Every structure is written in C-alpha cells, then in structure tokens.
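Student: Could you take me through one part of this model up close? I'd like to see how two helices pack against each other, and then what surrounds them.

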Amino acid sequence: MALYVIGDTHGHRAQVTEALREAGLLDAGGSWAGGDARLWFLGDLTDRGPDGIGVIDLIMTLQPQAAAAGGEVGCVLGNHDLLIYGSRYIPDAPITAERTIIQSWALNGGQGTDLEGLTDAQLAWLAALPAVALVDDNLLIHADTTAYLEFGDTIEEINATVRQMMADRDPATFGGQMRLIFRRFEFLDRATGPGRARQLLDRLGGRRIVHGHSTIPETFAVPPAEVDAPVVYADGLVMSVDTGIALGARCVPFELTPVPA
Ligand SMILES: [Mn+2]
C-alpha cells in the first residue's frame, strides 16, 4: 500500500487540497479517493497561512473516509499545534523566561481567526494526536531532534507523556516541555548527525527518520520554487519533506519508496 507524507501545511488549506487532488488522493468533490493508501501529515497545521482550521477540518474529515476505504490518514503533532493549543488554554503561561505562550504564538505567525475559531472537538482532536508514529520502516516525527526521547523510552511512552501534558495543561511545565519540539537541525552535522539519527532509530524503531519542521529551503539552501523532492541525508538515515509552503514553495505529498536495505 502506498505511503504518502506531507510536511508542514501551516494553514494553506487550498494548496493542500489541490496537491492531494493532483496526487489522486482526493476526488473533485474533496473526498478521499486514495483507496488503501496511507497519508501522514507531519504537523504544524496552523499559523503563518490563512486557514489552519480548514487544514484541521480537512484531516478530520478524511480520516474516517480513508479508514472506510481500507486506507489511513494520520498526523503527528508539531510545535505550532502545541503553541495554538497552549495559547487557547494557558495563554499567559511562560514558554521562556521572557515570553508567554501566546506571545510566542503571535510572533510565530499566529492567526487570530484560528485561535478564536477552534472548536472543542478540534482541540480534543489535537490533544489526542501522537507525537511519534512508526509506519513501515519510517519513524515519522515533526521536528528534527532527538528531544522526543526526553518524553519516554518507547513510542508508546512518548505519546502517552505528550497526551498527558495536553490533558494537564499545567502552566508551570507545558511551555518548557513544548519547547523541546522546537529544537531542530540535530541530524545535519556531518560528524554527529548520523549517530544521533541512529540513536533515535535504535531506541524507537524504524530504519529511516522522516521529519518536517526545518524546511528544505532553510536547511539545504534550495530556492523554495525549486523544491520538488524530499532530501535524504545523515548517511541515508533521515529524510526531510517540508517543502516550505510558508516560504512560497509548492505543497507536495511525497510518496515514499521503501527504505533501501
Ligand atoms: Mn515546526
């Protein structure tokens, strides 16, 4: 069964819909047409673009349609998803010594229409998202960091810890925990990156890390207009799929090929 991943979508519902249609995953009416294909979003659904709620609504709508067809639509949590969630419930809690959660959200492209319009059902859906997923041999995470290991030793533990954090919304700890998933570029250094990637894969499983968060233009100096494929690096252990939609790049759901032996 085909597996597609799509990087940070940041409120660009129209582009996401169009890209999924081009890939044959949606029909003309916007319903799931992917059959038994799997489609995973890598988080950062809101902020920067005009319609974060529309992106969340799209994924929530597609999930049961795909499941009914024998396929799957999934999503891992991104730092912006945590930011808007925290901004709704505990806006004045600190995220750093200098800044509150809602100040950080506003500085990072937060859109008032998203923050005000999110429904209880959408917030509950966000709070139930996994932070890490293993699909075939692909370890799907939002941010290119080993910080996930600070939440637990297994995927199940990590996801349970993050779900508890979302349920508790503890103003004293939420911002600090959330900030771990802001870390980035940890697999990029040629000397230390492959070892870090290997450590994460050895602990959590999978043979390839697939991440968003750090866009291909900002990480690999590819002009946004020229991004048309994932970038594989760190001795082949890591794949970056975030085209940089908020920088003007196209939105592309990439179909993953099996991890080379
Ligand atoms: Mn991010």
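Tutor: Let's start with the yardstick: an angle of 65 to 115 degrees between axes counts as roughly perpendicular. Keep in mind that this is a predicted model. Now take α2 and helix α6 (residues 120-127), which pack at an angle of about 75 degrees, with their axes 11 Å apart. That angle falls inside the window, so α2 and α6 are roughly perpendicular to each other.

Who makes the contact? On the α2 side you'll find Ile-53, Ile-56, Asp-57, Ile-59, Met-60 and Gln-63, while α6 brings Ala-121, Gln-122, Trp-125 and Leu-126. Sorted by character, the residues of this contact come out as seven nonpolar, two polar and one charged.

Now for the surroundings. In soluble globular proteins, nonpolar side chains tend to be buried together. Here the largest nonpolar core has 68 residues, and those with the most contacts inside it are Leu-20, Leu-39, Phe-41, Leu-45, Val-132, Phe-174 and Ile-209. Helix α2 (residues 52-68) supplies the largest share of this core, seven residues. There is also a second, separate core of 14 residues, with Val-210, Met-239, Val-252 and Phe-254 among its members.

Ile-209 is a handy place to zoom in. Leaving out residues up to four places away in sequence, Ile-209 touches Leu-139, Ile-141, Phe-187, Ala-197, Leu-200, Leu-201, Leu-237, Val-238 and Met-239. Two of those names, Phe-187 and Leu-200, turn up again around Thr-146: with that sequence neighbourhood left out, Thr-146 touches Arg-183, Glu-186, Phe-187, Arg-196, Gln-199 and Leu-200. Thr-146 sits in the loop between β5 (138-141) and α7 (155-168), and its relative accessible area of 13% makes it buried.

Last stop, the manganese ion. Its protein donors are Asp-44 (OD), Asn-79 (OD1), His-142 (NE2) and His-213 (ND1), lying 2.1 to 2.2 Å from it. Along the chain, the donors follow the spacing D-x34-N-x62-H-x70-H. Asn-79 lies in helix α3 (residues 79-89) and His-213 in the loop between β6 (208-211) and α10 (216-220), so this pair ties together parts that are 134 residues apart in sequence. Asn-79 counts as buried at 3% relative accessibility, and His-213 counts as buried at 5%.

Terms used
Residues numbered from 1 in each chain as written. Predicted model: local features only at pLDDT ≥ 70, side-chain atom pairs only at ≥ 80, totals over all residues. Heavy atoms only, no water. Core = buried A, V, L, I, M, F, W, Y, C linked by side-chain atoms within 4.5 Å. Buried < 20%, exposed > 50% of the residue type's maximum accessible area, 1.4 Å probe, protein only. Helix = DSSP H or I, 4+ residues; strand = E, 2+ residues; numbered from the N terminus. Contact = heavy atoms within 4.5 Å. Donors = N, O, S within 2.8 Å, 3.2 Å for Na, K, Ca; no water. Axes fitted to C-alpha atoms, helices over the stretch in contact; angles between N-to-C directions. Parallel < 35°, antiparallel > 145°, perpendicular 65-115°, else oblique. Nonpolar A, V, L, I, M, F, W, Y, C, P; charged D, E, K, R; others polar.
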